[in-house]
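Visitor: I should like to go through the terms applied to this structure and hear the grounds for each. Please set every value against its criterion.

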Amino acid sequence: MSELLIEIKDLECRIDDQKILQGLNLKINKGEVHAIMGPNGSGKSTLSSVLAGNDNYEVTNGSINFLGEEISEMSPEERSWKGMFLAFQYPVEIPGVSNINFLRTALNERNKFYGIDSIPAKEFLKMVAEKSELVGLNNKLKNRSVNEGFSGGEKKRNEIFQMAMLDPKLSILDETDSGLDIDALKIVANGVNKLKSSENATVVITHYQRLLDYIVPDFVHVLHEGKIIKTGDKSLALELEKKGYDWLKTDSNI
Amino acid sequence: MSYTEKELKEELDNKSYEFGFVSDIESEKAPIGLNEDIVRLISSKKNEPQWMLDYRLESFRVWKEMSEPNWAHVKYTKPDFQNISYYSAPKKKKELQSLDEVDPELLRTMEKLGISIEEQKKLSGVAVDFVMDSVSVATSFKEKLGELGIIFCSFSEAVQNHPDLVKKYMGSVVPHTDNYYSALNSAVFSDGSFCYIPKGVRCPMELSTYFRINESGTGQFERTLLIADESSYVSYLEGCTAPQRDENQLHAAVVELIALDKAEIKYSTVQNWYPGDAKGVGGVYNFVTKRGICGYRSKISWTQVETGSAVTWKYPSCILKGDYSIGEFYSVAVTNNFQQADTGTKMIHIGKNTKSTIISKGISAGKSQNSYRGLVKIGKGAKNSRNFSQCDSLLMTDQCGAHTFPYIECENPTATVEHEATTSKIGEEQLFYCMQRGISEEKAISLIVNGYAKEVLNKLPMEFAVEAQKLLEISLEGSVG
C-alpha cells in the first residue's frame, strides 16, 4: 500500500491581480514520479513556486497537505527542512559564497531546526565526495561560488547535486531539461534516477517528452489555465508530443 | 577557528547592541568644557614635558580659529564642544605587574568584549594594548617585542620614554593644522598607541589595540603613531566596541603611519562603535583622520570593516611619496537604520611608478546613507603611476541611499587611472533560492553580504575576519525591506 506524500486540493493562487492556479488537485504517493506538462503560461512554474513557498504568490483558496501537515502558510525554509526541494529553472548566482559553504550552511540550518548538532567537517566532506560522484559533478565546481560563471549544464547539475545533499522527500524539477544538450540531459536524469527511492517522490515539470525517456513517469498530468485537465500514464506524453495540446483544450471546454 | 553555529545563534538571539553594557569602574574626570586650562590640565595629568604641552596649546589655538567642516554627505546635530569632558582615566592605584592586580570589574569587561587577555596571550599570540577610556591599563607581550627592539606602548609612555621619536614623527603626516578634528585631537588627545619597528625587523605577531568609550559623555581622542623603519614589517589590528548610550559620543582619533624605505604596514580596523538605536537616537560620532606616508618601495595597506557609529567621517589615506611605493585601501562599510557614513580614501601619488588599489564595498540598509568619497591624485612627478578603484554598493531596502563621490586629479600623462563602480540591490531571487534550501532569511542575507564583501574580508587577519563576519551579520539583522 503506497503512502501519501502530498495532497493538493482546490488550490487557487494569484500574483498581483492575475489568477494563475484555479482549482488544482494533485495527489502524490511516496515512490512515484509525476510529470507535469502543459502549454506556456498554463501555470507549471507557478505551481512549483507555490509549493516551495514563494511569497510573491498569494494562495487564495485550497490546501497543500505535505506529510500530514498543512503547509500553505509555512515559510520556505521550513518546507525545505520538512523535505521539499525545488530544482530551479534558472538557478541564481551568489557571488563570493562557495558551493560547499552554501550547502554546509543549509544542512546545519536544518540540523538546528531538528535540534541536531552541526555536521562534522569530516563527515560533511565525505558526503560531498559521495554525492558529487553520484551526479557527476566536476570537482572544481564544488569550491566555486554558487552557480557563478557556471554553464547552463553545470547549473542544472549543481541543482541535482544539492538535491542529493539535502535528500528531500519531494523533489520538484522545474524544466530541468531546458538548455541541456543530450549528454548533459542523460547525466542529470541519471542522477535523479539514482536518488529515487520508495521513500521519496519526484515531480518533473517539462515541455518535452524527451526527458521522460530518461526519467520515466508513473503519471503524466496536463496543466491548462491553472488546472489539471488530463492525467494519464507515460503514453500520454508521447501522444502530446504528436498532437500538441489543442485537442485537450477543446475537451476541457466542454 | 573558534566560531561555531551555536555562538552565532546566541548572537542572533540577542538582537540589541551586543556590547551595550557599561562597566562600573571609578574614573577620574576633567570638568566639562574646553579651554586652555583644560588643555593644561590634561597635559599635567599626564605629566608631560613642555614641548608636548606647547604642541597641545598651539593646536588648541589653531582649532579655535577653525570651523567644523560640512562638506560630507551627512546630517547631524553638531556636538557641543563645551559640553564634553575631555579627560577620563580609570583611577589607578599602582603600577600593574600582572593581571591579578587588574580591577576584576575591568577584567570582566574585557571578557564580555571577548578579549580575555589570558586566552589571547596563550592562543593567538596577539599582544594586546587595551585602552579603557583613555589610559592604557593592560599591556602584554612587551618583553617579547622588546627583545626585537620593537616598541609597542601607550602614547603617553612613548612621550615619556621615547620623546625623540614622538617629536620627530608626531604631526608629520597629519599636521595639527590639517583639519578641524585633527586640530582638536592634537590639543586634547587623551592617549593611544605608539609603535616603532626597527630596521629590518619583521614583527612576529599581529599587534592589536582595543579602544572603548566607557565613561558617559567622555570624548575619546585617541592618537596612534606607528613607525616602520627601513625594511621592516608590521601588521596592526584595531577593533572598537562601545557601550550603549543615549547621548551622542564624539570620537575624533588621529592615526599616523610612517613606512620608511622598503617597509610595509598593514593596518586593519573593525569599527563597531554604538550606532544609535533603531530610531536613530544616540550613537557615536566618528570623525577620524587616518593617513600614512610611504618611502621608497614601501607599502601601506588599510583594511577596514565599518559597521558602527551614528555618523562616520573617515578617509584612511596614503601619501605615496617614495618611488615604487604602494598604497592599498580595502573597505566594507555597513550602515543600517539611521546611520550615516561618508568614508573612503585618498591616494596621493607623488613618487614615480607608484601604485594604488582601492576596493570599497558599501552596504546600506534601513534608512541609512552610505557614501564613498575618494580622491586619487597623480602629481606632476608621478610618472608611470597606476591606480585601480572599484566601488561597489549593495542596497538592502528602498529607503536607504548609496552615493559615490570619486575625485580624480591627474597631472601626469603617463599615469593610468581606472575606476569601476556598481550598484545592486540584494535580490529577492537570491534570498528565495537560499530559503528554499533551508537557509533562513537572516542567515541568507549574511551569506550573500559576506560573499559580496569577501574580497575585503579576505584581507583581514584570520581572527579579525571571523569577528568581522559576525559583525556584518549582527549589523544587518532584519534589514531587508
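**Grounds for the terms used**

Guide: Let us begin with I300(B), which is placed in strand 14 (residues 299-306) of chain B. Please keep in mind that this is a predicted model.

Visitor: Why is I300(B) called buried?

Guide: Its relative accessible area is 0%. Buried means under 20%, so I300(B), at 0%, is classed as buried.

Visitor: How far apart are I300(B) and A259(B), in sequence and in space?

Guide: They are separated by 41 residues in sequence, while their C-alpha atoms lie 7.0 Å apart.

Visitor: Which class does L141(A) fall into, buried or exposed?

Guide: L141(A) sits in the loop between helix 4 (121-134) and strand 8 (145-146) of chain A. Its relative accessibility is 2%, and the limit for buried is under 20%; L141(A) therefore counts as buried. From L141(A) to I100(A) the C-alpha distance is 9.3 Å, with their positions 41 residues apart in sequence.

Visitor: What makes helix 11 of chain B largely enclosed by the rest of the structure?

Guide: Of its 12 residues, 10 are buried, so helix 11 of chain B is largely enclosed. The buried residues of this helix include K443(B), I445(B), L447(B) and Y452(B).

Visitor: How does the length of helix 11 of chain B agree with what is expected?

Guide: Helix 11 spans residues 441-452 and reaches 16 Å from its first C-alpha to its last, close to the 16 Å expected at 1.5 Å a residue.

Visitor: Which residues form the patch of negative charge on the surface?

Guide: The patch gathers D55(A), E428(B), E429(B) and E441(B).

Visitor: How do you know whether D55(A) is buried or exposed?

Guide: D55(A) belongs to the loop between helix 1 (44-52) and strand 4 (58-66) of chain A. Its relative accessible area is 70%, and exposed means over 50%; D55(A) is therefore exposed.

Visitor: What makes up the nonpolar surface patch?

Guide: F113(A), Y114(A) and I116(A) make this patch, with an area of about 290 Å². F113(A) is found in helix 3 (residues 99-113) of chain A. Membership of a patch requires over 30% relative accessible area, and F113(A) has 32%. That value also lies between the limits of 20% and 50%, so F113(A) counts as partly exposed.

Visitor: Why is the contact of E78(A) with K82(A) called a salt bridge?

Guide: The criterion is a side-chain nitrogen of Lys or Arg within 4 Å of a carboxyl oxygen of Asp or Glu. For E78(A) and K82(A) the N to O distance is 3.0 Å, so the criterion is satisfied. Both residues lie in helix 2 (residues 76-82) of chain A, four residues apart, about one turn of the helix. E78(A) is partly exposed, at 23%.

Visitor: Why do residues three or four places apart in an α-helix point the same way?

Guide: An α-helix has 3.6 residues a turn, so such residues point the same way.

Visitor: How do K112(A) and E109(A) stand against the accessibility limits?

Guide: K112(A), at 31%, counts as partly exposed, whereas E109(A), at 5%, counts as buried. Under 20% is the condition for buried, which E109(A) meets. These residues form a salt bridge, their closest N and O atoms being 3.1 Å apart. Both lie in helix 3 of chain A, three residues apart.

Visitor: What distance supports the salt bridge of R61(B) and E58(B)?

Guide: The N to O distance is 3.6 Å, and the limit is within 4 Å; the pair therefore qualifies. R61(B) and E58(B) both lie in helix 3 (residues 50-65) of chain B, three residues apart. R61(B) is partly exposed, at 41%, and E58(B) is partly exposed, at 32%. Elsewhere, salt bridges that share partners join E3(A), K30(A) and E199(A) into one network.

Visitor: How many salt bridges does the structure hold over all chains?

Guide: The structure holds 25 over all chains.

Visitor: What is notable in phi of S231(B)?

Guide: Phi of S231(B) is near 55°, a positive value in a residue other than glycine. S231(B) lies in the loop between strand 8 (222-228) and strand 9 (233-241) of chain B. With 40% relative accessibility, S231(B) counts as partly exposed.

Technical notes: Residues numbered from 1 in each chain as written. Chains lettered and ligands numbered in written order. Predicted model: local features only at pLDDT ≥ 70, side-chain atom pairs only at ≥ 80, totals over all residues. Heavy atoms only, no water. Patch = residues over 30% accessible without salt bridge, like charges linked within 9 Å, V, L, I, M, F, W, Y side chains within 5 Å. Areas by Shrake-Rupley, 256 points an atom, 1.4 Å probe, with all protein chains shown as cover. Lys, Arg positive; Asp, Glu negative; His and termini not counted. Charge placed at Lys NZ, Arg CZ, Asp CG, Glu CD. Helix = DSSP H or I, 4+ residues; strand = E, 2+ residues; numbered from the N terminus. Buried < 20%, exposed > 50% of the residue type's maximum accessible area, 1.4 Å probe, protein only. Expected span 1.5 Å × (residues − 1).
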